[in-house]
Amino acid sequence: MPAPKRKPATPAPSAPVANTRASKLEKLGLRTDMDLVLHLPLRYEDETEIIAIQQAGMMGTSVAQVEGVVTACDIQYRPRRQLIVTIADDSGQLVMRFLNFYGSQTKQLAVGTRVRARGEIRHGFFGAEVVHPNYKVVLEGAPLPDVLTPVYPAGEGLSQVFLRKAIADAMQHIEWRDTLSPAQLAAQQLMPFETAVRLLHNPPPEVDEHALEDRSHPAWVRMKFDELLAQQLSLKRAQVARRAKNARALPVVGQLSAAFLATLPFSLTKAQQRVVAEISVDLRASFPMQRLLQGDVGSGKTVVAALAAAQAIDSGYQAVLMAPTEILADQHFRKIAAWMEPLGVRVAWLTGSLKKKEKLASLAMIESGEAQLVIGTHALIQDSVQFARLGLVIVDEQHRFGVGQRLALRNKTTSENGGNEAAEKSAVAVVPHQLMMSATPIPRTLAMTYYADLEISVIDELPPGRTPIVTRAVNQMRRDEVIERVHAAVQDGRQAYWVCPLIEESEALQLQTATETYAMLVEALSDLRIGLVHGRLKQAEKQEVMDAFSAGACHVLVATTVIEVGVDVPNASLMVIEHAERFGLSQLHQLRGRVGRGSAASVCLLLYQSPLGHIAKQRLMTMRETTDGFEIARRDLEIRGPGEFLGARQSGQAMLRFADLTTDQWLVDRARDLAQTLLQDPTPAKQATVSAHLARWLGGREDFLKV
């Protein structure tokens, strides 16, 4: 039922102003009345009490609200242009200092005007003083608020006064009906929805301000629970919807799979065997698999992916593997093709840098079905790519692709009935199985919250023979010692990486760049062969350098983070990371994983520039203390929070606004259990409750939660 038309309490602004405000509200995600009502305060200001100026001046540097009459208003020019306004009450006087101001404020704050001001009052040279206070002109005897004043998240051009009025107006028009029953509220020990929302927007003065500030107040608990419940309902409903779709069952683990395992020069770890079995069961189903394969750097995910592809090919269908960079895609192609092609599998290669003739040849192989396995980059999602019988999609480093890119590949569906047009119209659309891989381990809390619609497999065991990597943090003032260490490693028959964060000089970030470092090392290590690879090189140039390094013809590889994933050179045993304080934990861990792949003891040196900030110190300390990717991921979550950890904008995950996964895990568990209970009850009343809750909290944005 549509909401009734609003009757503005004051004359409506002109159309251009209204439209401008609407667009600014939309930038904050505020499109409906319910969006406004759920736009909850960041903090509160206590404007319920006025303190005498003399008393406020004796309180140290605490925030206080005073009221007085303007006795002087002057613009001064020493030491800089500023507006100095003096107000006084019966107890004393206060200087209000404005370093940035409008000319109209001199008229607004004319002598004789009564002003109510709030801010951090300090004792200055000329007595009590406050810089840039919040103030308003009032009449004598004007009533004080009887609730705390909310301060909302705001964008440019949106004042707190406007937001408060818009939210108050919206609260008169929304449907307040609680989406949880009295029995559910009692079982979860939750406040009613309307009570909680009204309290958060207008908390009484006697409320526990500390509980409001740290969001432990029961009103905040209700908001967090509702938000988590909406997320869990959406993800679990997406899982149910996926299972209702059709996929090609891939039941055959046959000749190719057996031959592939027999030719491997190593045995699978127990963790790999367990994960292969989990994927194999999923591939036999007639609904699409959507499984996330997690494994630390070097745990052997590629072999597992190859075995999944072998099952698809054994069953008569095509498999495709998409990687985020050409370097990573090329590594996969070389490794997997070397395994598969001797067994008679046709492997196609498709990237954006292919010449037209080569690209057309690959496209023809894919469309005809001659290519049983296709490996490439995002070029695979182009409209020109048509599969004959696509059964399995594998996405490596899935978090590096946007939602649209992942869905575009998954949605390259064909029909079970081919042939004439009538048959095509009656055909049943099918969705390929999807296996997503990530070398960035995801803590259990995040997995439960953001991947509730996925099955998750974890390779929690490294292959035997991998040597531990020793990590050291080194001040860049000791660069000469590091260069000597590199030279010694090469003299000992080993190779080294030297990673830099930028390609060329930036005035904003005076960092050692890849090109500068390359020139420095060429001069300092003149008897060694130094290579340089970065994102702006043409693919053929990159590949030439990488091939030389892989073959041992290049001793030291200077690179940007293009080598973060996929590069596998067992003879490289030394990693130097320039300006390590600029990298995130996940990236540092990925880079470190390029060494330690052979039998030689490996070392990672984190060159840093002091002084270090608190977060940078935490990161470097974590890297020194552990090589366990899951422990690093847990600490990364603590440092960065879930939004940045998951790459929210890129992955499309709808981040939580109110719940904090580091402190609210108990609410995640409760919300998940209630979501399961609600979805298992098919009665119209329960399903109406689910729909109402999702509409309230997600509106039309439910698809953003789907991976």
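**Exercise 1.** How do α9 and α27 stand to each other: roughly parallel or roughly perpendicular? Work from the angle of their axes in this predicted model.

Solution.
- Step 1. Find the two helices: α9 covers residues 218-243 and α27 covers residues 684-698.
- Step 2. Read the geometry. The two axes come within 9 Å and cross at roughly 115°.
- Step 3. Apply the cut-off: angles of 65 to 115 degrees count as roughly perpendicular. α9 and α27 are therefore roughly perpendicular to each other.
- Step 4. Add the hand of the crossing, which is left-handed for α9 and α27.
- Step 5. List the residues that make the contact. From α9 they are M223, D226, E227, L229, A230, L233, S234 and R237, and from α27 they are V690, S691, H693, L694, W697 and L698.
- Step 6. Sort these residues by class: the contact of α9 with α27 has eight nonpolar, three polar and three charged residues.

**Exercise 2.** Describe how α13 and α20 pack, and name the residues in their contact.

Solution.
- Step 1. Locate the helices. α13 spans residues 326-340, and α20 spans residues 539-550.
- Step 2. Their axes lie 11 Å apart, at an angle of about 55°.
- Step 3. This angle makes α13 oblique to α20.
- Step 4. The crossing of α13 and α20 is right-handed.
- Step 5. On the α13 side, the contact involves E326, I327, D330 and R334; on the α20 side, Q539, K542, Q543, M546 and D547.
- Step 6. By class, the contact of α13 with α20 holds two nonpolar, two polar and five charged residues.

**Exercise 3.** Which strands stand at the edges of the open sheet of seven strands?

Solution.
- Step 1. Write down the strand order, β6-β7-β4-β3-β2-β5-β8, and note that the pairing is mixed.
- Step 2. Look at the two ends. β6 (122-124) and β8 (134-137) each have a single partner strand, so one side of each is left without a neighbour in the sheet.
- Step 3. Consider the twist: neighbouring strands of this sheet are turned by 40° against each other on average, direction ignored.
- Step 4. Take one pair inside the order. β3 (residues 82-88) and β4 (residues 93-98) run antiparallel and are joined by six bridges.
- Step 5. Pick out one bridge of this pair, in which A88 has Q93 of β4 as its partner.

**Exercise 4.** Describe the open sheet of six strands, and state which helix packs on it.

Solution.
- Step 1. The order is β17-β22-β21-β18-β20-β19, with parallel pairing.
- Step 2. β17 (469-475) and β19 (530-533) are the edge strands, each pairing on one side only.
- Step 3. Direction ignored, neighbouring strands of this sheet are turned by 20° against each other on average.
- Step 4. Helix α21 (residues 585-592) packs on the sheet and touches β17, β18, β21 (572-577) and β22 (602-608). The direction of α21 makes about 150° with that of β21.
- Step 5. Within the sheet, β18 (residues 495-499) and β20 (residues 556-559) run parallel, joined by four bridges. Y497 stands opposite L557 in β20.

**Exercise 5.** Classify the aromatic pair of W176 and F193.

Solution.
- Step 1. A pair of aromatic rings is described by the distance of the centres and the angle of the planes.
- Step 2. The count comes to seven aromatic pairs. In the pair of W176 and F193, the ring centres are 6.1 Å apart and the planes stand at 50°, so this pair is tilted.
- Step 3. W176 lies in the loop between α5 (160-170) and α6 (182-188), and F193 in helix α7 (residues 193-201), so the pair ties together parts that are 17 residues apart in sequence.

**Exercise 6.** Which peptide bonds to P79 and P611 are cis or trans, and what is the phi of Q189?

Solution.
- Step 1. Start from the usual case: most residues other than glycine have a negative phi, and most peptide bonds are trans.
- Step 2. The bond joining R78 and P79 is cis, with omega about 0°. P79 is in the loop between β2 (63-76) and β3.
- Step 3. The bond from S610 to P611 is also cis, with omega near 5°. P611 is in the loop between β22 and α22 (614-625).
- Step 4. Q189 is a residue other than glycine with a positive phi, near 55°. Q189 is found in the loop between α6 and α7.

Terms used: Residues numbered from 1 in each chain as written. Predicted model: local features only at pLDDT ≥ 70, side-chain atom pairs only at ≥ 80, totals over all residues. Heavy atoms only, no water. Axes fitted to C-alpha atoms, helices over the stretch in contact; angles between N-to-C directions. Parallel < 35°, antiparallel > 145°, perpendicular 65-115°, else oblique. Left-handed = near helix turned anticlockwise from the far one by under 90°. Contact = heavy atoms within 4.5 Å. Nonpolar A, V, L, I, M, F, W, Y, C, P; charged D, E, K, R; others polar. Pairing = 2+ DSSP bridges. Phe/Tyr/Trp six-rings, centres within 6.5 Å; stacked < 30°, edge-to-face > 60°.
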